[in-house]
Amino acid sequence: QWIKSRYKNTRIFRKQYNCFLLQCKGDLCVKYTNPVKKKLENKYRGVKNSDFSIICSNCIGGVLYHYLGKEFLSPTINLWLMKGDFIKLCCDLKKYMSLDLQFIDTEYNYPVAMCGDIKIYFNHDHDENEAAKKWYRRRERINYDNLCTTATE
């Protein structure tokens with residue numbers, strides 16, 4: 001069920017316990033749910049807009065890029081952020097993208113880093129070097145003129 005939001009170009013999708021917020025810019029607006037994976041692949045394979053950056057709060061950005069067959073143009077792939085940290089990141093994206101990562105010790109068995117005052121959980125990376133290498137490489141690819149932000153609850 002799609003719910004209209006009070007924010008321009010923003011839609012909220014609710015299904016059971018998942019809530020996807022999709023904000024669209026340009027000619028890309030992606031709808032995603034697990035049961036419609038095949039429909040998504042078929043519908044968006046031919047998207048002409050190929051240089052968009054998906055800034056996301058969890059792994060969904062990588063899934064969307066993969067299904068669309070597009071290059072990862074975002075550092076927020078295969079990681080997750082807490083809701084408040086994600087909002088801070090989106091509100092001042094250029095500032096946070098200019099900062100270096102500082103890896104910290106945690107109880108998790110994957111790398112966790114601070115980027116300024118936000119904590120980033122690299123749950124799909126095996127070590128700090130791998131996480132940092134991907135982060136720095138992908139942050140250079142961001143297209144600030146064509147962003148799509150996605151957050152989940």
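## Ile60 and its surroundings

Let's start with one residue, Ile60, in this predicted model. Ile60 has a relative accessible area of 9%. Buried means under 20%, so Ile60 counts as buried. Now look for Trp80, which sits 20 residues away from Ile60 along the chain. In space, the C-alpha atoms of Ile60 and Trp80 are 9.5 Å apart.

## Helix 2

Ile60 belongs to helix 2, which runs over residues 60-68. How much of this helix is covered? Helix 2 is mostly covered, with seven of its nine residues buried. Besides Ile60, the buried residues of helix 2 are Gly61, Gly62, Leu64, Tyr65, Tyr67 and Leu68.

Just after helix 2 comes Gly69. Take a look at its backbone: the phi angle of Gly69 is positive, near 70°.

## Asn146, a buried loop residue

Next, find the loop between helix 5 (128-139) and strand 9 (147-152), where Asn146 has its place. Is Asn146 buried or exposed? Its relative accessibility is 9%, so Asn146 counts as buried.

Which side chain does the side chain of Asn146 make a polar contact with? The partner is the side chain of Asp51, at 3.4 Å.

## A cavity in the structure

There is one cavity of 30 Å³ or more in the structure. The largest cavity holds about 40 Å³ of space. Which residues line the largest cavity? Going along the sequence, you will meet Pro75, Ile77, Leu79, Phe122, Asp125, Ala131, Lys134, Trp135 and Arg138.

Sorted by class, six of these lining residues are nonpolar and three are charged, while none is polar.

## The whole chain

Now step back to the full protein chain, which has five helices and nine strands. If you trace the chain along the sequence, these elements come in the pattern β-β-β-α-β-α-β-α-α-β-β-β-α-β.

The protein chain has 153 residues, and 43% of them count as buried. What about contacts between distant parts of the sequence? Among contacts in the protein chain with a separation of 6 or more, 47% involve residues 24 or more positions apart. On the outside, the protein chain exposes about 9,000 Å². Carbon and sulfur atoms supply 49% of this exposed area.

Conventions: Residues numbered from 1 in each chain as written. Predicted model: local features only at pLDDT ≥ 70, side-chain atom pairs only at ≥ 80, totals over all residues. Heavy atoms only, no water. 1 Å grid on protein atoms, 1.4 Å probe; cavity = no way out; pocket = protein on both sides within 12 Å on 5 of 7 lines; lining within 4 Å. Points joined across faces, edges and corners; volume = space filled by probe spheres on them. Nonpolar A, V, L, I, M, F, W, Y, C, P; charged D, E, K, R; others polar. Helix = DSSP H or I, 4+ residues; strand = E, 2+ residues; numbered from the N terminus. Buried < 20%, exposed > 50% of the residue type's maximum accessible area, 1.4 Å probe, protein only. Polar contact = N/O pair within 3.5 Å; in protein donor to acceptor, adjacent residues only side chain to side chain. Contact = heavy atoms within 4.5 Å. Areas by Shrake-Rupley, 256 points an atom, 1.4 Å probe, with all protein chains shown as cover.
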